[in-house]
Amino acid sequence: MKNLILLLCLTVFTMSCKNKGIVYNDPIPEHDSLTISSKIVNEDRVITIWTPPNYDNSTDRFPVLYMPDGGIKEDFPHIANTLSKLISEEKIPPYILVGIENTERRRDLTGPTEVEYDLTIVPHPGGSNNFRGFIKHELFTEINNRYRTTDKRAIIGESVAGLFVMETFLLDNDMFDYYMAVDPSLWYNEQYLVKHFETLAKADYGQQKKLWFAGSDAEDISTHTRTLNEN
């Protein structure tokens with residue numbers, strides 16, 4: 001798993017350091033798609049699933065990597081193709097990739113805030129708890145019922161999705177075994193997660209959970225990732 005964390009995060013980190021307006025033209029890999037009518041977020045959510053090359057020719061069970069920003073027109077093709085390449089080169093073990101397509105991205109991936117600056121960027125904040133509930137109580141069940149999964153789960157996210165990863169690590173740590181946040185938007189809500197990291201973190205994490213985060217040299221990112229790293 002350590003290799004997966006390192007290689008995937010380096011890939012996403014490279015993406016985040018480039019021009020934010022760049023469009024990645026990765027070929028769309030063969031994948032499954034399903035729609036979940038969620039009672040928790042009260043809307044239909046489109047889910048894209050990529051299974052490793054040896055999935056159909058084996059009876060093995062596989063760990064699962066979950067990703068927000070996971071629609072076909074979002075980051076799913078790039079991450080799926082990256083996984084496929086790394087698996088074929090035997091640099092990482094095989095994983096199932098589950099992408100969650102966005103509806104209202106900034107609503108779903110942020111906690112509440114009353115900061116005026118935040119509200120100019122995120123007009124409808126505070127949906128992260130419901131979005132987390134959808135993943136935990138509806139999406140996990142659907143994926144486990146449809147695919148041969150192990151009990152090992154990881155999540156990866158960049159920018160505001162990285163913020164969601166960090167928040168989930170602190171507020172509902174049992175959801176995943178591995179948390180990967182690239183360029184997390186830790187400036188949000190006056191750096192609440194950075195300022196309260198130690199008080200929010202559970203004392204019994206031990207070696208059970210792994211958090212990996214990195215920030216580019218953008219001032220609104222690097223300042224807070226460096227501060228968090230020093231805590």
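Hi everyone. Let me begin with one definition: we say a charge sits over a ring if NZ of Lys or CZ of Arg is within 6 Å of the ring centre and within 35 degrees of the ring normal. With that in hand, here is a case from our protein: the charged end of Arg45 sits over the ring of Phe134, 6.0 Å from its centre. There is another one too, with the charged end of Arg153 over the ring of Phe140, 3.9 Å from the ring centre. Keep Phe134 and Phe140 in mind, please; they will come back.

Before going on, you should know that this is a predicted model. How confident is the predictor? The average pLDDT of the protein is 85, and 80% of the residues score at least 70. One stretch to treat separately is residues 13–22, where pLDDT stays under 50. For that stretch the model has 15 contacts beyond four places in sequence.

Now the overall picture. The protein has 231 residues, and 50% of them count as buried. Along the chain there are nine helices and seven strands. What share of the contacts with a separation of 6 or more comes from residues 24 or more positions apart? In this protein, such residues account for 73% of those contacts.

Let's walk along helix α5, residues 128–146, where Phe134 and Phe140 are found. Does its length fit, or not fit, what we expect from 1.5 Å a residue? Its 19 residues should span 27 Å, and the end C-alpha atoms are 25 Å apart, so the two agree. The helix also bends, by about 35° at Leu139. Leu139 is one of the buried residues of α5, and so are Phe134 and Phe140, the two rings under the arginines. Other buried residues of this helix include Phe131, Ile135 and Ile143.

Glu142 is in α5 as well. Glu142 is partly exposed, because its relative accessible area is 24%. Which residues does Glu142 touch, leaving aside its neighbours within four places in sequence? The answer is Leu34 and Ile36. Glu142 and Ile36 are 106 residues apart in sequence, yet their C-alpha atoms are 8.4 Å apart in space.

On to helix α6. Its 12 residues should span 16 Å at 1.5 Å a residue, and its end C-alpha atoms are 16 Å apart, so expectation and model agree. Is α6 largely enclosed or largely open? Here 11 of the 12 residues are buried, so the helix is largely enclosed by the rest of the structure. Among those buried residues are Val160, Phe164, Glu167 and Phe169.

Phe169 leads us to the aromatic rings. The structure holds 12 aromatic pairs. In one of them, Phe169 and Phe197 are stacked, at 6.3 Å centre to centre with 15° between the planes. This pair links distant parts of the chain: Phe169 belongs to helix α6 (residues 160–171) and Phe197 to helix α8 (residues 197–200), 28 residues apart. Why do we call both of them buried? The cut-off is under 20% relative accessible area. Phe169 has 6%, so it counts as buried. Phe197 has 17%, so it counts as buried too.

The pair also belongs to a bigger picture: ring pairs link Tyr66, Phe140, Phe169, Phe176, Tyr179 and Phe197 into a cluster. And there is Phe140 again, the ring with Arg153 over it.

Last stop: a few single residues. Asp183 lies in the loop between β6 (178–182) and α7 (188–195). Although Asp183 is not a glycine, its phi is positive, about 50°. Asp183 is buried, because its relative accessible area is 3%.

Glu190, in helix α7, has a positive phi as well, near 55°, and is also a residue other than glycine. Is Glu190 buried or partly exposed? With a relative accessible area of 48%, Glu190 is partly exposed.

Finally, Pro93 is found in the loop between α2 (76–88) and β4 (96–100). Pro93 is partly exposed, with a relative accessible area of 39%. Its C-alpha atom and that of Pro63 are separated by 9.3 Å, while the two residues are 30 residues apart along the chain.

If you would like one place to start on your own, try Phe140: it is buried in α5, it is part of the ring cluster, and the charged end of Arg153 sits over it. Thanks for listening!

Technical notes:
Residues are numbered from 1 along each chain as its sequence is written. This is a predicted model: local features need pLDDT of at least 70, side-chain atom pairs count only at pLDDT 80 or more; totals for chains, interfaces and linings use all residues. Side-chain values use heavy atoms; hydrogens and water are left out. Rings of Phe, Tyr and Trp (its six-membered ring) pair if their centres lie within 6.5 Å; planes under 30 degrees apart count as stacked, over 60 as edge-to-face and the rest as tilted. Helices (H or I, at least four residues) and strands (E, at least two) are DSSP runs, numbered from the N terminus. Buried means under 20% relative accessible area, exposed over 50%, partly exposed in between (1.4 Å probe, protein chains only). The expected span of a helix is 1.5 Å times one less than its number of residues. The bend at a residue is the angle between axes fitted to the seven residues ending there and the seven starting there. pLDDT is the predictor's confidence in each residue, from 0 to 100. Contact means heavy atoms within 4.5 Å.
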